[in-house]
Amino acid sequence: MYFSKLYAPTLRETPAEAEVVSHKLLLRGGFIRKSSSGVYTYLTLAQRVLQKISAIVREEMNKAGGQEIMLPVIQPAELWLESGRWHVYGKELFRLKDRHDRDFCLGPTHEEIITDLVRGDVYSYRQLPLLLYQMQNKYRDERRPRFGLMRGREFIMKDLYSFDKDEAGLDVSYQKMYDAYTAIFTRCGLKFRPVEADSGAIGGSDTHEFMVIADSGEAEIVYCPECDYAANVEIALCVPSDNGEEPAKNMEKISTPGQTTIEQVSQFLQVPAQKLIKTLFYQADDEIIAVLVRGDRTINEIKLQRVHPSLTLEMASAQQIKEVTGCEPGYVGPLKLGKQIKIYADNEVKTMVNGVCGANEENYHYINVQPERDFPRTTYADLRLIEKGETCPKCQAVLNWARGIEVGQVFKLGTKYSEALNAKYVDENGKDNLMVMGCYGIGVSRTLAATVEQNYDEHGIIWPMSIAPYQVVVVPVKVQDPEIWQGAQTLYEELQKAGVEVVLDDRDERAGVKFKDADLIGYPIRLTIGKKYASEELVEVKLRKDSEISYINKNEIIEHVKGIIEKY
Ligand code: 9G3
């Protein structure tokens, strides 16, 4: 491809609306253009990267036994009503009506559609396991589309759905996908980690997220330097710390006028925050629950959701708190609460000795509270957020922290959708059974953006070889010089013959301008035809990821380049 013909309109200035590196560089490098909020056009360079990522994804999905299909984007409301999700997703679901006023949505994901397909055509255990996938645009009307391709309203996802006879079969399919994802992101040249994660509203049990490690990532993860434990901080298991031992004293109510926050009470009573019991009230659907964590800790609402499942979970209002405790927030505690109020406490609270909590009476706290003695009807669980410096729940080593971009997620769904949509098969004994499902997604367009977030410098993108839009750029420093131009053109043609993907920068521009664009676009290999070519037949070789320059004779350059691509 001649650069003058390539549709890659690079920009000198960084577009003001771009907040993250990938958005900036993909706009500046002429890879993408915005059409409307959260909706982008992929120009030639981005499309080539997407094709390469997709090819890797296809190969690994097929290797794992997946079959590619194409499901409809337009989905009838009936299926979403059947699964119960038509009303779960409010404005995020792109809804539309046809001319007969029938309701539809643009597919944000395809669990319903595929379960409907399979329930119609699959009836025997002999047809299972079945692994079906597609790669297609998905639509989600995000409240705040941002970060360019990272959180768009239209994006490309590969989604695979597995159908098995039983849980044991699902375990096998899940492991196959886990391994395939590991192979895919490795082949894309990414530094990533699979981490234990939250399954959220979709339901189901096991789930892992595949995180590309990048400082700009929205997610925070912990991983063990000694063993294989790694988790999203949202669900990372907390090891309760030692509260120490001391003789238990008798509970006393004491006056704490105007002292409502953890800091104030801690100061006023001259006790460390870890001696305080923080009492929070939540409205979980139409029930109020009390939740306790140590004063120096933070509640983790995702963990709370798991222990006390509910559709909605919100902090209770001051008014609601007053109704259940008879007191203003600030002096509330777990003692003398009505029996209808369930009490949950973090594991760490259980072993507290001589703790402090609100007395449910304005301007008073209790001291010398012993949780197991003083509020025995408490359900203990891991309910807090993990903090820096904490240890691995498996092997006790201090955990490392990193930020990550979620590019893939694998889920064990179980029978949630097969039950809702009645997807059954007949087993070996002629008995009806629900199919056991898994679903597995890769954000293909997000993987492109995440690659940039992880591979750039102050000059531009640094593509991994395997998914680079082109592997090589040939830069003649002066196209007006016939010897240089001839040399560049010959090299370009020979590279093409050798199967190398190459751009010839044929513009009548200064070398500096061409180098700037080459660095911005991020070709892994730059070959310059300059002074040393005319005098000594040497081609200048520079790898985008290294700073050194080397010179190779024009007779050896093709083999040399092929060697770099192979070894990269
Ligand atoms: C919706 C809307 C947004 C959604 C969903 C449904 C996220 C929804 C979760 C998934 C899970 C898996 C298949 C591939 C692997 C991931 N956002 N999720 O279900 F209606 Cl508006 O999509 N889907």
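This is a short dialogue on reading a predicted model, from overall make-up down to one sheet.

Q: What does the secondary structure of the protein come to?
A: Start with the elements. The protein has 16 helices and 31 strands.

Q: How much space do the C-alpha atoms fill?
A: Take the box along the principal axes. Here it is roughly 95 × 65 × 45 Å.

Q: What percentage of the residues is buried?
A: Buried means under 20% relative accessible area. Of the 568 residues in the protein, 54% are buried. The accessible surface comes to about 25,800 Å². Carbon and sulfur atoms account for 48% of that surface.

Q: Which contacts join residues at least 24 apart in sequence?
A: Look at contacts between residues at least 6 apart in sequence. In this protein, 69% of them join residues at least 24 apart.

Q: How many side chains are positive and how many negative?
A: Count both sets, then compare their centres. There are 70 positive and 84 negative side chains. The two centres lie 2 Å apart.

Q: What is the strand order in the open sheet of three strands?
A: Read across the sheet, not along the chain. The order is E4-E6-E5, and the pairing is antiparallel. From one strand to the next, the twist averages 40°.

Q: Why is one side of E4 and of E5 left without a neighbour in the sheet?
A: Count partners. Strand E4 (74-76) and strand E5 (95-97) each have a single partner strand, so each stands at an edge with one side left without a neighbour in the sheet.

Q: How many bridges pair E5 and E6?
A: E5 and strand E6 (residues 103-106) pair over three bridges, in the antiparallel sense. For a residue-level view, lysine 97 stands opposite aspartate 103 in E6.

Terms used. Residues numbered from 1 in each chain as written. Predicted model: local features only at pLDDT ≥ 70, side-chain atom pairs only at ≥ 80, totals over all residues. Heavy atoms only, no water. Helix = DSSP H or I, 4+ residues; strand = E, 2+ residues; numbered from the N terminus. Buried < 20%, exposed > 50% of the residue type's maximum accessible area, 1.4 Å probe, protein only. Contact = heavy atoms within 4.5 Å. Areas by Shrake-Rupley, 256 points an atom, 1.4 Å probe, with all protein chains shown as cover. Lys, Arg positive; Asp, Glu negative; His and termini not counted. Charge placed at Lys NZ, Arg CZ, Asp CG, Glu CD. Pairing = 2+ DSSP bridges. Axes fitted to C-alpha atoms, helices over the stretch in contact; angles between N-to-C directions.
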